[in-house]
Amino acid sequence: MSSQPKESGRIVVGVDGSPSSKEALRWAVRQAELTHDSVNAVITWEYPPLYGSIGWLDAPQSLAQDMKVWAGQALDDAISEVVKTGDTSRVTPTVAYGTAAAVLLEAARGASLLVVGSRGHGGFSGALLGSVSQHCTQHAPCPVVVIRGGPSETGG
C-alpha cells in the first residue's frame, strides 16, 4: 500500500429541480463531507426541434439561450435550497446541453460516484426508476447511488 494520501475524488450528481434530485444533491454533499470529495452538480437542457414547412428545424437561438439560463437558475435554486452556506464551496455547478443520461454518463468519467434521483419530472408516477436513473445504473463508468424522493414520490 502506498503511504501517499488519498487524492480527493469527485461525486457527480444529477439535478433537475425535482424533489428526488434535491434529495440526491443533499445525499451527495453529505457523502462528499465524509470522503473529502468535491461535488459536481449537473443539470442538462435541450429544446425539442420544431417542425416547419421545410421539415425539422432547430429552435431559435434566443430560445436556446433562454433555456440554458432557466436551467442554470433551476440548478442555482436547488443548490441554495439544499446545500448549507458553508458547504457551497464544495459544489461546482454545471449546465450542459444534451440528454440527461448522456451528459451524466460523460460527466461521470473519472468520478468516484454518480448520484441520481429515482425519478425526475417525467415518466410514470408508479415507476421504481425513471429512464435516466435506469440508464445510468446500466451504463455508468463508476458506482451509482439512486436516491428515492420523499413520501410524495414513493407512494407513501
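**Notebook: fold, strand β7 and cysteines**

I counted four helices and seven strands in the protein chain; both are DSSP runs numbered from the N terminus, helices being H or I over at least four residues and strands E over at least two. The model is predicted, so I note that local features need pLDDT of at least 70 and side-chain atom pairs pLDDT 80 or more, while totals for chains, interfaces and linings use all residues. Residues are numbered from 1 along each chain as its sequence is written, and side-chain values use heavy atoms, with hydrogens and water left out.

I read the order along the sequence as β-α-β-β-β-α-β-α-β-α-β. Of the 156 residues in the protein chain, 38% are buried (under 20% relative accessible area, with a 1.4 Å probe and protein chains only).

I then looked up strand β7, residues 144-147. Val145 and Ile147 point to one face and are buried, whereas Val144 and Val146 point to the other and are not. In a regular strand the side chains alternate between the two faces of the sheet. Strand β6 (residues 113-117) pairs with β7 in the parallel sense over four bridges; pairing requires at least two DSSP bridges. Valine 115 is the residue opposite valine 145.

Last, I searched for disulfides (cysteine sulfur atoms within 2.5 Å) and found zero. Why is cysteine 136 without a bond? The closest cysteine sulfur, in cysteine 142, lies 9.1 Å from the sulfur of cysteine 136, which is too far. I recorded cysteine 136 as buried at 0% relative accessible area, and cysteine 142 also counts as buried, at 11% relative accessibility.

Technical notes:
Buried < 20%, exposed > 50% of the residue type's maximum accessible area, 1.4 Å probe, protein only.
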